[in-house]
Amino acid sequence: MKYIIGIGGVTNGGKTTLTNRLIQHLPNCCVVHQDDFFKPQDQIEEGEDGFKQYDVITALDMDAMMSTIHAWIENPVKFERSHGVNNTLDADILPESNDKDEGIHILIVEGFLLYTYG
């Protein structure tokens, strides 16, 4: 069974703190941080005030973020292994499962503009 948890909120609102606490208690849990998908500096638009506009959805490579999420949806076991998640439950239940699993897998997606895309 696969679950996706979305955690959105304002900058410095505790999203990462909550995420870090959840991953300590949830089995087979991976995280996608929206902050990891900012475009390169030269692709960030400047506002009228001359400052880079990081607080708009166009500052993020949402296609790359969605591709990452879809990779997890397609095969959470393979995704977890490639991202260093220790799947002790997988190893106990299905020692040589060829990346197929019927256990619980959780993806937490967190970001300040999480619910703006789509």
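This section describes the fold, the largest pocket, a nonpolar surface patch and two backbone outliers of a predicted model.

The chain contains four helices and three strands. In sequence order, these elements are arranged as β-α-β-α-α-α-β. The chain has 118 residues, of which 30% count as buried.

The largest pocket holds about 150 Å³ of space. Its lining consists of Thr11, Asn12, Gly13, Gly14, Lys15, Thr16, His33, Gln34, Asp35, Glu110, Gly111 and Phe112. Two elements, helix 1 (15-25) and strand 3 (105-111), each supply two or more residues to this lining. Sorted by class, the lining comprises eight polar residues, three charged residues and one nonpolar residue.

One of the lining residues, Asn12, is also notable for its backbone geometry. Its phi is near 60°, a positive value in a residue other than glycine. Most residues other than glycine have a negative phi. Asn12 is located in the loop between strand 1 (2-8) and helix 1. With a relative accessible area of 79%, Asn12 is classed as exposed, because the threshold for that class is over 50%.

A positive phi is also found at Asn28, where the angle is about 45° although the residue is not a glycine. Asn28 belongs to the loop between helix 1 and strand 2 (29-33). The relative accessible area of Asn28 is 6%, and the residue is therefore buried under the cut-off of under 20%. The two asparagines thus both have a positive phi, near 60° for Asn12 and about 45° for Asn28, while Asn12 is exposed and Asn28 is buried.

On the surface, Met1, Tyr3 and Ile104 make a nonpolar patch of about 310 Å². Ile104 is placed in the loop between helix 4 (88-93) and strand 3. The relative accessibility of Ile104 is 43%, so the residue counts as partly exposed. This value satisfies the requirement for patch membership, because patches are made of residues with over 30% relative accessible area. Strand 3, which follows the loop that contains Ile104, is one of the elements that give two or more residues to the lining of the largest pocket.

Definitions and conventions. Residues numbered from 1 in each chain as written. Predicted model: local features only at pLDDT ≥ 70, side-chain atom pairs only at ≥ 80, totals over all residues. Heavy atoms only, no water. 1 Å grid on protein atoms, 1.4 Å probe; cavity = no way out; pocket = protein on both sides within 12 Å on 5 of 7 lines; lining within 4 Å. Points joined across faces, edges and corners; volume = space filled by probe spheres on them. Nonpolar A, V, L, I, M, F, W, Y, C, P; charged D, E, K, R; others polar. Patch = residues over 30% accessible without salt bridge, like charges linked within 9 Å, V, L, I, M, F, W, Y side chains within 5 Å. Areas by Shrake-Rupley, 256 points an atom, 1.4 Å probe, with all protein chains shown as cover. Salt bridge = Lys/Arg side-chain N within 4 Å of Asp/Glu carboxyl O. Buried < 20%, exposed > 50% of the residue type's maximum accessible area, 1.4 Å probe, protein only.
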